[in-house]
Amino acid sequence: MTAPAMTDALRRGALFLLLGEALLALMGALVKDLSDVLSTEQIVFFRNIAGLIVLAPLLLRTGLSELKTRVWHWHLLRGLVGVSAMYCYFWALAHLPLTEAFLVKLSAPLFMPLLALWWLKEPAGRHSWLALLIGFAGVSVILQPGAEHPAMLSNGDSYNTALLVGLLGAFLAALAKVTIRRMSATESSQRIVFYFGLTAALVSAPGALLNWQPVPDSTWLWLLALGVVATSGQLALTRAYRIAPTGKVGVYVYSAVIYGALMGWWFWGEIPPWTTWAGAILIVLAGLLNLYAPKSGAKS
């Protein structure tokens, strides 16, 4: 790929990623609100069912031939890994302040260059290792080992547990995104999102039934809204990772920190402590270091 073409791909990938993260930030706020009345298992199930409903008109327009694939095993892997990440993230959203939940989720790009190196053979130099160390230093600051976090006053000992679960979800999300990159040569965004939604809905159905709680009438509209924003955001992210290198556009997901802080303060009165912002700065610095690292073949 020529330098101008690469620059254009990075620009378009960044725009799709910014749009996708804005929508997924709104999804996070909806999930946190719905967690007061529904179980995590129900929310995961309804999010995927609603997503399939939202995606149906797009598939009808392009035709069912759009669903033909020869890499069903990659779709299955992406679905299983993705729904596992979703369980972790939704559970963390229910137990953490919104900003912290977003930040731990946003550690996913730190894993992506290394996963891309291992799986896709995309180059990762010393800068990627340094970014990983700085990023996880930021995560450690947010975790505050041995310290009492304000959130513990209401969540008890679940705060650090929720952060660790969220971190596991971030790793799984990174693996899912690299899987998307692996399929990008032959699979469209709609096909990837459809098979993810189908796999996730089937996998999450038993858990939803076992942990079923009555659904208030007023909640159904919010569940549909959850499907709309989540599917739209996922389509935008899938598009971003199809057209731009995995390790180079991940930094733009940090726009979600601003949305998380604003929505957490506006809707729940959450004011993150200084340690959260210090950790956020380190995580964002790690992402910037990864973005502006010298290209493969350059001296670092």
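**View 1. Leu 19, a partly exposed residue of helix H1.** In this predicted model, Leu 19 has a relative accessibility of 45%, so Leu 19 counts as partly exposed. The residue lies in helix H1, which covers residues 3-34. The view pairs Leu 19 with Ala 240. Along the chain, 221 residues separate the two. Their C-alpha atoms are 9.8 Å apart.

**View 2. Glu 21, a buried residue of helix H1.** Glu 21 also belongs to H1. Its relative accessibility is 1%, so Glu 21 counts as buried. The cut-off for that class is under 20%. Neighbours within four places in sequence are left aside here. Glu 21 then contacts Lys 105, Leu 106, Leu 237, Val 253, Ser 255 and Ala 256. One of these partners, Lys 105, is itself buried, and is part of H4. Another, Ala 256, takes part in the contact of H12 with H4.

**View 3. Helix H4, an enclosed element.** H4 runs over residues 98-105. Eight of its eight residues are buried, so the rest of the structure largely encloses H4. The buried residues are Leu 98, Thr 99, Glu 100, Ala 101, Phe 102, Leu 103, Val 104 and Lys 105. Which helices pack on H4 in the next two views? H3 packs with H4 at an axis distance of 8 Å, and the axes of H12 and H4 come within 8 Å.

**View 4. H3 against H4, a right-handed crossing.** H3 spans residues 72-95. Its axis lies 8 Å from that of H4, at an angle of about 155 degrees. The two helices are therefore roughly antiparallel. Angles over 145 degrees fall in that class. H3 passes H4 with right-handed geometry. On the H3 side, Tyr 89, Ala 92 and Leu 93 make the contact. On the H4 side, Leu 98, Ala 101, Phe 102 and Lys 105 do so. By class, the contact of H3 with H4 holds six nonpolar residues, no polar residues and one charged residue.

**View 5. H4 against H12, a second right-handed crossing.** H12 covers residues 255-268. The axes of H4 and H12 come within 8 Å and cross at roughly 160 degrees. That angle makes H4 roughly antiparallel to H12. The handedness of the crossing is right-handed. H4 contributes Leu 98, Thr 99, Phe 102 and Leu 103 to the contact. H12 contributes Ala 256, Val 257, Tyr 259, Gly 260, Ala 261, Met 263, Gly 264 and Trp 268. The contact of H4 with H12 divides into nine nonpolar and three polar residues, with no charged ones. Leu 98 and Phe 102 of H4 appear here and in the contact with H3.

**View 6. H2 against H9, a left-handed crossing.** H2 takes in residues 40-62, and H9 takes in residues 189-210. Their axes come within 8 Å, crossing at roughly 150 degrees. H2 is therefore roughly antiparallel to H9. This crossing is left-handed. From H2, the contact residues are Glu 41, Gln 42, Val 44, Phe 45, Asn 48, Ile 49, Leu 52, Leu 55 and Leu 59. From H9, they are Gln 190, Val 193, Phe 194, Phe 196, Gly 197, Leu 198, Ala 200, Ala 201, Ser 204, Ala 205, Gly 207 and Ala 208. The contact of H2 with H9 has 14 nonpolar, six polar and one charged residues.

**View 7. Gln 190, a partly exposed residue of helix H9.** Gln 190 sits in H9. At 21% relative accessibility, it counts as partly exposed. Neighbours within four places in sequence are again left aside. Gln 190 contacts Leu 55, Leu 59, Glu 66 and Leu 235. Among them, Leu 55 and Leu 59 belong to the H2 side of the contact with H9. Leu 235 is 45 residues from Gln 190 along the chain. The C-alpha atoms of these two are separated by 7.0 Å.

**View 8. The whole chain, as context for the close-ups.** The chain has 13 helices and zero strands. Of its 300 residues, 55% are buried. Among contacts with a separation of 6 or more, 90% join residues 24 or more positions apart. The accessible surface comes to about 13,900 Å². Carbon and sulfur atoms account for 69% of that surface.

Methods:
Residues numbered from 1 in each chain as written. Predicted model: local features only at pLDDT ≥ 70, side-chain atom pairs only at ≥ 80, totals over all residues. Heavy atoms only, no water. Axes fitted to C-alpha atoms, helices over the stretch in contact; angles between N-to-C directions. Helix = DSSP H or I, 4+ residues; strand = E, 2+ residues; numbered from the N terminus. Parallel < 35°, antiparallel > 145°, perpendicular 65-115°, else oblique. Left-handed = near helix turned anticlockwise from the far one by under 90°. Contact = heavy atoms within 4.5 Å. Nonpolar A, V, L, I, M, F, W, Y, C, P; charged D, E, K, R; others polar. Buried < 20%, exposed > 50% of the residue type's maximum accessible area, 1.4 Å probe, protein only. Areas by Shrake-Rupley, 256 points an atom, 1.4 Å probe, with all protein chains shown as cover.
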